[in-house]
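Biologist: Could you take me through some helices of this protein, one question at a time, and show me how each answer is reached?

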Amino acid sequence: MKISLVQLPTSHHGAGEKVYPLGLSRLSGLVPADDTKSALDMNLFPDPWPELKQMIENQQPDIVALSLRNIDPLAGHLVSYLSALKTAAALVRKLLPDSRILVGGPAFSLFGTRLMGAVSEIDYGLVGEGERAFPRIIGKDIDPSSVPDLIWRKNGAIHQNPSGPGISLDEIPPMDRISFNPADYIRENAYVAAVGIEGKRGCDLSCGYCVYPCLGGGKMRLRHPKKIVDEIECLHREHGIALFHFTDSVINRPVDHFEALLEEFIHRKLNVNWTGFFREDALDRRLAERARAAGLIAIYFSADALTDHGLKRLGKRLTKHDILTAATVTAQSHILTMCHFLLNLPGDGEADVVEAWETLNRLLDIHAGPANLGAVIFNHVRLYPGAPLTKRLIRSRELSPNTDLLYPIYYNPQRFAHLLHEMEAHCHGAGIFSRLKMNP
């Protein structure tokens, strides 16, 4: 069999920062050694379509596996990457009418049956993790009805099989670093880590807007710290990678797993740095200092609301006090910090806006002295099917149940739609004054 693996373009045109296709790279390693394999990450090319056409024409694959990581770029952009999937599938079908077209990836997993209906060229779709199902659908003969998490067609109808058990994180296959060379990514990036590291999958939090539990499960499956650092050490030794980003929904939960990871880093004495998303109520000064000693270079917080009512509405199980305490910890430890917040939330009134401004200004004051606040990123809630907040808006009739959420829909009522722009301008000015050591 001949198989081509393709990471579809899901980044802004001309974006300099690249992301290593971790999921597809792991699946690539599962292709049998006696099969002929080719691989392409379309995000590496300013115009990737001639590259895809050339690979398909040269390789003449029996199977083409397309991976769709994002359905849209978020950050309020009304852009969909559905066009990339449609065009790629049509191009493959035009060049190779008898090829088997598979699609997977996080974005496909969220909208699987909807995308199968929208893109008729797709033969099979993989929902969720592909490590167990992928080897079963790249052979010559397959029984689609027996493969967990598979979406398939029969007699014009679309069928979706029940989910199977999640894979143990200590059994995930290694990256295929030959087909997808990490060197192609680290030389492109100037700011963010190009290579992701998995410390866990799944999330036991139930944030109102979030789809992590849908993608990875509602329980955390942990990877042994030794295996995590083994992978990092290998990538550092063999490819010179010195900066990594943990793909975990939250890296510092559970705390005992996080502490064991830090001890493994410190024991190895690796000259590497890493970043990740942190939970505010699971971080204290001792842990922060230990993480710095283990190579932590930047913390990302995603509290997502600046008010106690907003935190409750989003199901964050956090308080404003938790947010400010965590900010104090990173300021005292001089750790570069990025904060994410969602604005104009359901139920927000004038009092919420006043409280949000107060919280924001307290955060800016906390970070002003050490000047360790890298960015405050504001967004509106992107509504996803099945998310608790989406269901609540449908029940309250603020959102029609017929709304097609495949395309980017944000919750942003007109009354406070201006708030994001005003807060961005305020933070921009505060950041410039802090960097220039001026009192605003």
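Modeller: Let us begin just past the end of one helix, keeping in mind that this is a predicted model. Helix α14 is followed by R397, a residue whose phi is positive, near 65°.

Biologist: Which residues of α14 are buried, and within what arc do they fall when seen down the axis of the helix?

Modeller: A residue counts as buried when its relative accessible area is under 20%, and in α14 that description fits L389, T390 and L393. Seen down the axis of α14, these buried residues line one face of the helix, because they fall within an arc of 100°.

Biologist: What do the buried residues of α14 pack against?

Modeller: Here the partners are strands, and contact means heavy atoms within 4.5 Å. The buried residues of α14 pack against β16 (381-382) and β17 (410-411).

Biologist: Is L389 buried or exposed, and what is its relative accessible area?

Modeller: L389 has its place in helix α14, which covers residues 388-395. Not counting residues up to four places away in sequence, L389 touches G208, Y209, L314, P346 and V381. Since buried means under 20% relative accessible area, L389 is buried, with a value of 1%.

Biologist: Which residues does L27 contact, leaving aside its neighbours within four places in sequence?

Modeller: L27 lies in helix α1, and it is buried, with a relative accessible area of 13%. Once the neighbours within four places in sequence are left aside, the residues in contact with L27 are G130, E131 and F134.

Biologist: Which residues of α15 are buried, and which are exposed on the other side?

Modeller: The buried residues of α15 are L419, L420, M423 and C427. Seen down the axis of α15, they fall within an arc of 90°, so they line one face of the helix, and they pack against α13 (350-368) and β15 (373-379). On the other side of α15, the exposed residues are H421, A425 and H428.

Biologist: How far does α15 reach from its first C-alpha to its last?

Modeller: Helix α15 runs over residues 419-435 and has 17 residues. At 1.5 Å a residue the expected reach is 24 Å, and the helix comes close to that, with a first-to-last C-alpha distance of 24 Å.

Biologist: How far apart are the end C-alpha atoms of helix α8, and what covers its buried residues?

Modeller: At 1.5 Å a residue, the 15 residues of α8 (residues 225-239) should span 21 Å, which agrees with end C-alpha atoms that are 21 Å apart. The buried residues of this helix are P225, I228, V229, E231, I232, C234 and L235. What covers these buried residues of α8 includes α1 (22-28), β8 (195-197), β11 (243-246) and α9 (255-268).

Biologist: At what angle do helices α2 and α3 pack, and what is the handedness of their crossing?

Modeller: Helix α2 (residues 49-59) and helix α3 (residues 82-95) pack at an angle of about 30°, with their axes 10 Å apart. Angles under 35 degrees count as roughly parallel, and therefore α2 is roughly parallel to α3. At the meeting place, W49, L52, K53, I56 and E57 in α2 meet A84, T87, A88, L91, V92 and L95 in α3. The angle is thus about 30°, and the crossing in which α2 passes α3 is right-handed.

Methods
Residues numbered from 1 in each chain as written. Predicted model: local features only at pLDDT ≥ 70, side-chain atom pairs only at ≥ 80, totals over all residues. Heavy atoms only, no water. Helix = DSSP H or I, 4+ residues; strand = E, 2+ residues; numbered from the N terminus. Expected span 1.5 Å × (residues − 1). Buried < 20%, exposed > 50% of the residue type's maximum accessible area, 1.4 Å probe, protein only. Arc of directions from axis to C-beta. Axes fitted to C-alpha atoms, helices over the stretch in contact; angles between N-to-C directions. Parallel < 35°, antiparallel > 145°, perpendicular 65-115°, else oblique. Left-handed = near helix turned anticlockwise from the far one by under 90°.
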